[in-house]
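Thanks for sharing this one. Here are my notes as numbered points, to be read with the model open beside you.

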Amino acid sequence: MTCAPYIAPAPAVLGCDEPVPQAVRRLAATHFQPLAVVDGDGRLLGLFGPREVAALLLPVGARLGGDGFALGFVSETPEALRERLGAVAAEPVGKYATAHR
C-alpha cells in the first residue's frame, strides 16, 4: 500500500530563465492555469498565466483600467499577435511574471 492516491502531485512550475514561447506552450498544456515562476533555488518569484500572456500580446491601451481588458478597439490580426510574441521570444519568462507579494 502506498500513499500516492492521497497526495497531490507537485505543481508545475516555470524556471525564471525559460523562454517565453516555451512558457506559453507549458501554460497551454495545463489548460492555462497560472504557473509559478521560480528562481534557480526554487523560490517563488511570481505567476505567469493568461493575464501575463495577454499583457504581452495586447497594446498598452488595452491593459489600462484595472483587472479587465478594454478590447473594443483592438483590431490585431493573428499575424500581428504572432509577431508581438516573436518579439519577446528570446526573453526569459521571469521578466514577465506577476511578482509574488
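1. Start with the salt bridge between R26 and E18, whose closest N and O atoms lie 2.8 Å apart. Please keep in mind throughout that this is a predicted model. The two partners differ in exposure: R26 is partly exposed at 30% relative accessibility, while E18 is buried at 14%. E18 gets that label because its value falls under the 20% cut-off.

2. The whole structure holds 5 salt bridges, and two further ones are worth a look together. R43 meets D39 at 3.1 Å, N to O, and R43 also meets D41 at 3.3 Å. Through shared partners, D39, D41 and R43 are joined into one network. In general terms, side chains of opposite charge can pair when their charged atoms come close.

3. Is each member of that network buried or exposed? D39 counts as buried, with 16% relative accessibility. R43 is exposed at 51%, and D41 is exposed as well.

4. Now the sheet. It is open and built from 4 strands in the order β1-β2-β3-β4, with mixed pairing. The edges are taken by β1 (13-15) and β4 (98-99); each has a single partner strand, so one side of each lacks a neighbour in the sheet. β3 and β4 run antiparallel to each other, paired over 2 bridges.

5. G46 is a nice residue to centre the view on. It sits in strand β3, which spans residues 44-48, and stands opposite A99 in β4. G46 is buried, with a relative accessible area of 0%. Beyond its neighbours within four places in sequence, G46 is in contact with L35, A36, V37, A97, T98, A99 and H100. The C-alpha atom of G46 is 9.8 Å from that of L14, a residue 32 places away along the chain.

6. Which residues of the largest nonpolar core touch the most other members? Among its 15 residues, these are L14, V37, F48, V53 and V93. Two or more core residues come from each of α1 (20-29), β2 (35-38) and α2 (50-57), and α1 supplies the largest share, 4 residues. As a general point, nonpolar side chains tend to be buried together in soluble globular proteins.

7. Finally, V53 is a good place to inspect this core. Leaving aside neighbours within four places in sequence, V53 is in contact with V24, L27 and F48. F48 is also one of the core residues that touch the most other members.

Note on methods. Residues numbered from 1 in each chain as written. Predicted model: local features only at pLDDT ≥ 70, side-chain atom pairs only at ≥ 80, totals over all residues. Heavy atoms only, no water. Buried < 20%, exposed > 50% of the residue type's maximum accessible area, 1.4 Å probe, protein only. Contact = heavy atoms within 4.5 Å. Pairing = 2+ DSSP bridges. Core = buried A, V, L, I, M, F, W, Y, C linked by side-chain atoms within 4.5 Å. Salt bridge = Lys/Arg side-chain N within 4 Å of Asp/Glu carboxyl O.
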